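Dear colleague,

I am passing on the structure below, together with some notes on what turned up in it. Please keep the model open while you read.

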Amino acid sequence: MNSKLKVGAVAVLAVAALTTPSAVNAATAPVNDPARAASAEPPVYAPPSAEARAQAVATANATLAARADLTLKGENEKFDLAANVSGVKGLQYLTYSRSYRGLRVHGGEVVVATDRFGEQVGSVNSGLQSRITIDVTSRVDAATASATARAQLPTVESVGTPELVVHATTTTPRLAWEVVVNGATQEAPSVLHVFVDALDGSIIESYDDVRAGTGNSYYNGNPVTIQTSGSSGSYSMTDTTRPGLRCGGQNGAVYTKSTDNWGNGSGTNLETACVDALYAAQKQWDMLRTWLGRNGVTGTGRSYPARVGLAAVNAYWNGSYTSFGRNSANTRQATPMDVVAHEYGHAIFQNSGSGGGGSGNESGGLNESTGDIYGALTEHYANQPATLDPPDYLVGEEVNLSGSGEIRNMYNPSAKGHPNCYSSSIPSTPVHSAAGPQNHWFYLLSEGTNPVGKPASTVCSGPTTLTGIGIQKAGQIFQSGLNTKTAPWTHAKARRATVAAAKSLFPGSCVEVNAVKAAWTAVNVPAASGEVACP
């Protein structure tokens, strides 16, 4: 594949039981927004005006002040606005961090969702499960906590300064030291967050920023056009129109050369691998904007670098960049569209709602499924012909990574030995397998049980025949639900979040709301008390 690259084309631009739809309407003046008069139905990508963003902050602040019952806020606590992003049709999502007696509360974040004008509150989502009433005097010093955390990795490169926090992703809040250890496990790099109990020195939990992935075919056609930068005699694989996106080797240095013609089409050529990585990441960025109303991977107009040449049959996201290796036969690089989109999907997960989803295999499985969903969405957006990599709901189907075909199957996860349905065993199921139930849910929501021209899918419970609403609507609902994520993220929270999202996105219709409910029921995730009703 001889990939001719061109310069100058600028890119167009956990819901807890506390979730309460239409919780509060703040007593603030309405926004004078020209878009209100211009169109009753906004476009998918409709960033709120500065006035609407300010209104949303005022509304959210008033809501949090008036409704402490929704967040379990005590007198020794305060909220600070940590992020403000918009989504489909300009709906706004404001994430607040929580502190208790001056200490950050891990798991105490709150997400307030408003309409696009910032006037109406759609939901208030709190991760806190019980009120905080603890003493903040540590009996374990920082050095001891650091040593405990260091011992959790066989290879350690650096250990961050321990931070005293309130750990609140479990039922009972506890005083803890959070220590970030950079190094490696026996299999892969690691950026491990370890929470050490500040009273008895035990490990409460740990989670890793590094999320492992799998490989796929790297072909995207010949030639392809991607966004690079530079001018005659000095070019760079840096996309200045999508801030943060660039590609290079494992040392982090971006690839440069004197001509704007990259790669030779060989499966072992790393320049070619960067061609494919950038092409896929740029298609995903465009999909996020055009289909999901999201401004880049972060939601605030930024992306992250990609590195190729990893000497492993693997690909991963480490919290700061994506890294791509090769297949087991060492004949091609792991930079096809769905794998690249999968790894950046982890970055979207990390930059949605309250950030991470918490520790544990259930949250990890939802994170892996998120990557798979973004792989499918990006493939469907690109809509390549059958001679290349056509849109489907398989993961790694063309690379034959280890001699067994695709890595995961979204319409029938059990075909790869993964669970189709949610059960009490999911929290102890390895994360790549635990992706099965949500992957299955997404397929049923998008396509139904018997789509024309696509694979049939079965249900675990409920009605045996479901009708899909299309992958674009399904993606909008999924992302909107993810925007309200709190830790720990669970299937039950994901159901409530996506049902509420469907109601907000399609207020004049119950088709989408009921389709979301039916798809979750079909994978054994039942309704919980307080779920949004439609009508």
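**Helices, cores and a sheet**

Helix α11 is mostly covered, with 12 of its 15 residues buried. This is a predicted model, and what follows should be read with that in mind. The helix runs over residues 491–505 and reaches 21 Å from its first C-alpha to its last, close to the 21 Å expected at 1.5 Å a residue. Among the buried residues of α11 are H491, K493, R495, R496, V499 and L505, and the elements that its buried residues pack against are α7, α8 (431–434), α9, α10 (471–482) and α12 (511–522).

Two of those partners also meet each other: helix α7 (residues 361–382) and helix α9 (residues 436–447) pack at an angle of about 35°, with their axes 9 Å apart. On the α7 side the contact is made by L366, S369, T370, D372, I373, L377 and H380, and on the α9 side by Q438, N439, F442 and E447. Sorted by class, this contact of α7 with α9 has 4 nonpolar, 5 polar and 2 charged residues.

L377 and F442 appear again in the largest nonpolar core, which has 81 residues and in which Y374, L377, W441 and F442 touch the most other members. The element that gives the most to this core is helix α5 (residues 270–292), with 12 residues. Leaving aside residues up to four places away in sequence, L377 touches M287, W291, L292, F442, I471 and G475. There is also a second, separate core of 22 residues, which includes V105, I132, L153 and L192.

Helix α6 (residues 337–350) is another enclosed element: 13 of its 14 residues are buried, so α6 is largely enclosed by the rest of the structure. At 1.5 Å a residue its 14 residues should span 20 Å, and the end C-alpha atoms are 20 Å apart, which agrees.

Finally, there is a sheet to look at, and you may wish to ask which strands stand at its edges. The sheet is open and is formed by 3 strands in the order β13-β14-β16, with antiparallel pairing. The edge strands are β13 (229–231) and β16 (256–257), each of which has a single partner strand, so one side of each is left without a neighbour in the sheet. Strand β14 (residues 234–236) pairs with β16 in the antiparallel sense over 2 bridges, and the bridge partner of Y235 in β16 is K257.

With best wishes

Technical notes
Residues numbered from 1 in each chain as written. Predicted model: local features only at pLDDT ≥ 70, side-chain atom pairs only at ≥ 80, totals over all residues. Heavy atoms only, no water. Axes fitted to C-alpha atoms, helices over the stretch in contact; angles between N-to-C directions. Helix = DSSP H or I, 4+ residues; strand = E, 2+ residues; numbered from the N terminus. Contact = heavy atoms within 4.5 Å. Nonpolar A, V, L, I, M, F, W, Y, C, P; charged D, E, K, R; others polar. Core = buried A, V, L, I, M, F, W, Y, C linked by side-chain atoms within 4.5 Å. Buried < 20%, exposed > 50% of the residue type's maximum accessible area, 1.4 Å probe, protein only. Pairing = 2+ DSSP bridges. Expected span 1.5 Å × (residues − 1).
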